[in-house]
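User: Please take a close look at a single part of this model, the loop that leads into the last helix you discuss, and follow its surroundings outward from there. I would like one connected account rather than a list.

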Amino acid sequence: MAVTSDPILEGAVATTTTPEPITQPATAPDEPMTLPVIPGEHPNEAPRLTPVEVVPGKALYKQILPGVMQVPLDLVLAASRKSSLWPMTFGLACCAIEMIATYMAHYDLDRFGIVPWPSPRQSDVMIVAGTVTKKMAPAVKLLYEQMPNPKWVISMGACATNGGPYTRYDRVLQGVDKIIPVDVYVPGCPPRPEALIDSFIALQELIMEERGNAGR
Ligand code: SF4
């Protein structure tokens, strides 16, 4: 440190400091890199901000965030779709009573993420529950076409599958798959709620299997 007198300001004393040279610590070229420590304002976050030794040859995100999974996007989309199926609420005949019972508290379809929805615009599952007459068939087809893709159809009961007890009736459609594609068939007259739940589980497995080409 040097003390000098200022000729301009009488009696005033100015002090100047000679800067000391900055030296970098010597590091060996093969030493693992260390991430800088970020000063934390919150004490609870301090453990997360400790330096991490980066090992060359291993993905950086796996070292900084252990436990993070890397999965294909179609797997995430299919898992999201199968876990939030929204069936459209409409019934055609007595099978609909069993369908309604499945939504109620005793069977509680909501625990599967299955939420009944009173509009085709946001629904992705159609449960054809009951007899499809030829008079009703155009309305069923129109509702199916109003649903956005991807969408799936469950044929619930013997009537929707092949006419059931009305096989010989000319005015009854001999299976709803004559007008729309069906993904899962549920046998029975009527099928019990457990059978409908089983069909949803089968549909969820189908969605995961066909995740690469969903979106028809
Ligand atoms: S399958 Fe049986 S219970 Fe279901 S709608 Fe037909 S007659 Fe009714």
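Analyst: Pro190 sits in the loop between E8 and H6, and in this predicted model the peptide bond that joins Cys189 to Pro190 is cis, with omega at about -5°. Most peptide bonds are trans. Both partners of this bond, Cys189 and Pro190, also belong to the residues around the ligand, a group that further includes Cys94, Cys95, Cys159, Gly164 and Pro165. By class, that shell holds eight nonpolar and four polar residues, and no charged ones, while the element that gives the most to it is helix H5 (residues 157-162), with three residues.

On one side of the loop lies E8, which belongs to an open sheet of four strands in the order E5-E6-E7-E8, with parallel pairing. Strand E5 (87-88) and strand E8 (184-186) occupy the edges with a single partner strand each, so one side of each has no neighbour in the sheet. Strands of a sheet pair through backbone hydrogen bonds, either parallel or antiparallel. The partner of E8 is strand E7 (residues 152-156), to which three bridges join it in a parallel arrangement; Met156, for example, stands opposite Val186 of E8.

Helices cover this sheet as well. H3 lies across strand E6 (125-129) and E7, and its direction makes about 135° with E6, whereas H6, on the other side of the loop, packs on the sheet by touching E7 and E8, running at about 165° to E8.

H6 also packs with two helices that deserve a closer description. With helix H3 (residues 95-103) the packing angle is about 75° and the axes are 9 Å apart, which means that H3 is roughly perpendicular to H6. In that contact Glu98, Met99, Ala101 and Thr102 of H3 meet Pro193, Leu196 and Ile197 of H6, a set that divides into five nonpolar residues, one polar and one charged.

With helix H2 (residues 73-82), helix H6 (residues 193-209) packs at an angle of about 165°, the axes again lying 9 Å apart, and H2 and H6 are therefore roughly antiparallel; their crossing is right-handed. Here Ala78, Arg81 and Lys82 come from H2, and Gln204, Ile207 and Met208 come from H6. The residues of this contact comprise three nonpolar, one polar and two charged.

Two other loops carry backbone features that can be set beside the cis bond described at the start. Asn149 and Pro150 are likewise joined by a cis peptide bond, with omega at about -5°, and Pro150 belongs to the loop between helix H4 (137-146) and E7. In the loop between H3 and E6, Asp108 is found, and its phi is near 55°, a positive value in a residue other than glycine. Most residues other than glycine have a negative phi.

To return to the starting point, the loop between E8 and H6 holds Pro190, which Cys189 precedes across the cis bond, and both residues are part of the surroundings of the ligand.

Note on methods: Residues are numbered from 1 along each chain as its sequence is written. This is a predicted model: local features need pLDDT of at least 70, side-chain atom pairs count only at pLDDT 80 or more; totals for chains, interfaces and linings use all residues. Axes are lines fitted to C-alpha atoms, for helices over the stretch in contact, and angles run from 0 to 180 degrees between N-to-C directions. Angles under 35 degrees count as roughly parallel, over 145 as roughly antiparallel, 65 to 115 as roughly perpendicular and the rest as oblique. A crossing is left-handed if the near helix is turned anticlockwise from the far one by less than a right angle, and right-handed if clockwise. Two residues are in contact if their C-beta atoms, placed from the backbone, lie within 7 Å. Ala, Val, Leu, Ile, Met, Phe, Trp, Tyr, Cys and Pro count as nonpolar, Asp, Glu, Lys and Arg as charged, and the others, Gly among them, as polar. A residue is near a molecule or strand if its C-beta atom, placed from the backbone, lies within 6 Å of it. Two strands pair if DSSP finds at least two bridges between them.
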